[in-house]
Amino acid sequence: MEETKEQILIKHLLNKEEAAWKEFFGAYSRNLTYVCSRYIAEREDVHDVLQNSFIKMFRSIESFEYRGNGSLKAWLTRIVVNESLKHIRQKGDFKSAVEVEEIPDIPNEEEPDFEEIPKEDIMNMIRSLPDGYRTVFNLYVFEKKSHKEIAAILGIAENSSASQFHRGKALLSQKIKEFKMSKKAQYE
């Protein structure tokens with residue numbers, strides 16, 4: 001069986017070839033920046049987390065196990081998500097931000113309607129969610145983690161994870177409605 005482009009790149013990475021690392025960075029940095037910016041709002045922090053992630057990738061490429069096409073991207077994404085979560089936890093006040101129960105409940109709205117909204121605007125709306133909402137929302141929606149898994153990852157109660165997710169989703173729905181209303185008003 002012929003080797004894939006991904007397998008060839010991995011071989012070159014394992015040999016610590018500089019050209020391979022440049023190709024690797026060019027091929028994956030944009031997607032990994034996108035992943036990181038779902039969790040981290042500040043641009044400078046995104047840069048720092050990505051830098052730490054790439055260092056970790058460089059140092060641990062020997063531990064990577066090829067499991068088929070796309071497994072490298074999955075491995076890289078997992079590193080970026082873990083480094084993003086580590087950064088959030090190191091900020092210190094994350095746990096208390098997630099555990100806040102005094103925030104009034106937002107009525108349970110229907111599913112957010114993302115139709116006709118540019119991807120970049122949706123990402124900005126997600127980035128604008130409070131840290132706790134944003135982190136739980138991303139882990140649940142993009143990483144497909146259960147509330148039990150999220151609770152273990154973040155060191156919070158399972159019901160707090162579910163609460164943060166539902167409040168984040170409701171807030172996102174509200175932001176989407178406001179966005180659509182402002183767009184509609186522009187054309188009237």
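Residues are termed exposed when their relative accessible area is over 50% and buried when it is under 20%, with partly exposed residues in between. In this predicted model, that division separates E18 and K22 of helix α2, which are both exposed, from a set of buried residues in the helix that comprises A20, W21, F24, Y28, S29, L32, V35, C36, S37, R38 and Y39.

Helix α2 has 22 residues, for which a rise of 1.5 Å a residue predicts a span of 32 Å, and the distance of 29 Å between its end C-alpha atoms agrees with that expectation. The helix nevertheless bends by about 45 degrees at Y28. Its buried residues pack against several other helices, namely α1 (5–14), α3 (43–60), α4 (71–90), α6 (119–127) and α7. The exposed residues E18 and K22 are joined by a salt bridge in which the closest N and O atoms are 3.5 Å apart; the two residues are four positions apart in α2, about one turn of the helix. An α-helix has 3.6 residues a turn, so residues three or four places apart point the same way.

Aromatic contacts were examined next. The count of aromatic pairs comes to eight. One of them joins F24 and Y28, whose ring centres are 5.5 Å apart and whose planes make an angle of 45 degrees, a tilted arrangement. Because F24 and Y28 are four residues apart in helix α2 (residues 18–39), about one helical turn separates them. F24 is buried with a relative accessible area of 2%, and Y28 is likewise assigned as buried, with a value of 14%. A further tilted pair is formed by Y140 and F165, with ring centres 4.3 Å apart and planes at 45 degrees. This pair links distant parts of the chain, since Y140 belongs to helix α7 (residues 131–141) and F165 to helix α9 (residues 158–186), 25 residues apart. Y140 is partly exposed, with a relative accessible area of 34%, whereas F165 counts as buried at 7%. F24 and Y28 also belong to one aromatic cluster, together with W21, F25, F54 and F58.

Charged side chains are also placed over aromatic rings. R38, one of the buried residues of α2, lies over the face of F142 at 4.0 Å from the ring centre. The charged end of K119 is positioned over the ring of Y34, at 4.6 Å from the centre of that ring.

A search of the whole structure finds nine salt bridges, among them the E18 and K22 contact described above. Another connects R67 with E65, the closest N and O atoms being 3.6 Å apart, and R67 counts as exposed at 68% relative accessibility. In helix α4, E83 forms a salt bridge with K86 in which the closest N and O atoms are 4.0 Å apart; these two residues are three positions apart in the helix and are therefore separated by about one helical turn. E83 counts as buried, at 7% relative accessibility, while K86 is partly exposed, with a relative accessible area of 39%. Through salt bridges that share partners, K56, E83 and K86 are joined into one network.

Key
Residues numbered from 1 in each chain as written. Predicted model: local features only at pLDDT ≥ 70, side-chain atom pairs only at ≥ 80, totals over all residues. Heavy atoms only, no water. Phe/Tyr/Trp six-rings, centres within 6.5 Å; stacked < 30°, edge-to-face > 60°. Buried < 20%, exposed > 50% of the residue type's maximum accessible area, 1.4 Å probe, protein only. Lys NZ or Arg CZ within 6 Å of the ring centre and 35° of its normal. Expected span 1.5 Å × (residues − 1). Bend = angle between axes of the 7 residues up to and from the residue. Contact = heavy atoms within 4.5 Å. Salt bridge = Lys/Arg side-chain N within 4 Å of Asp/Glu carboxyl O.
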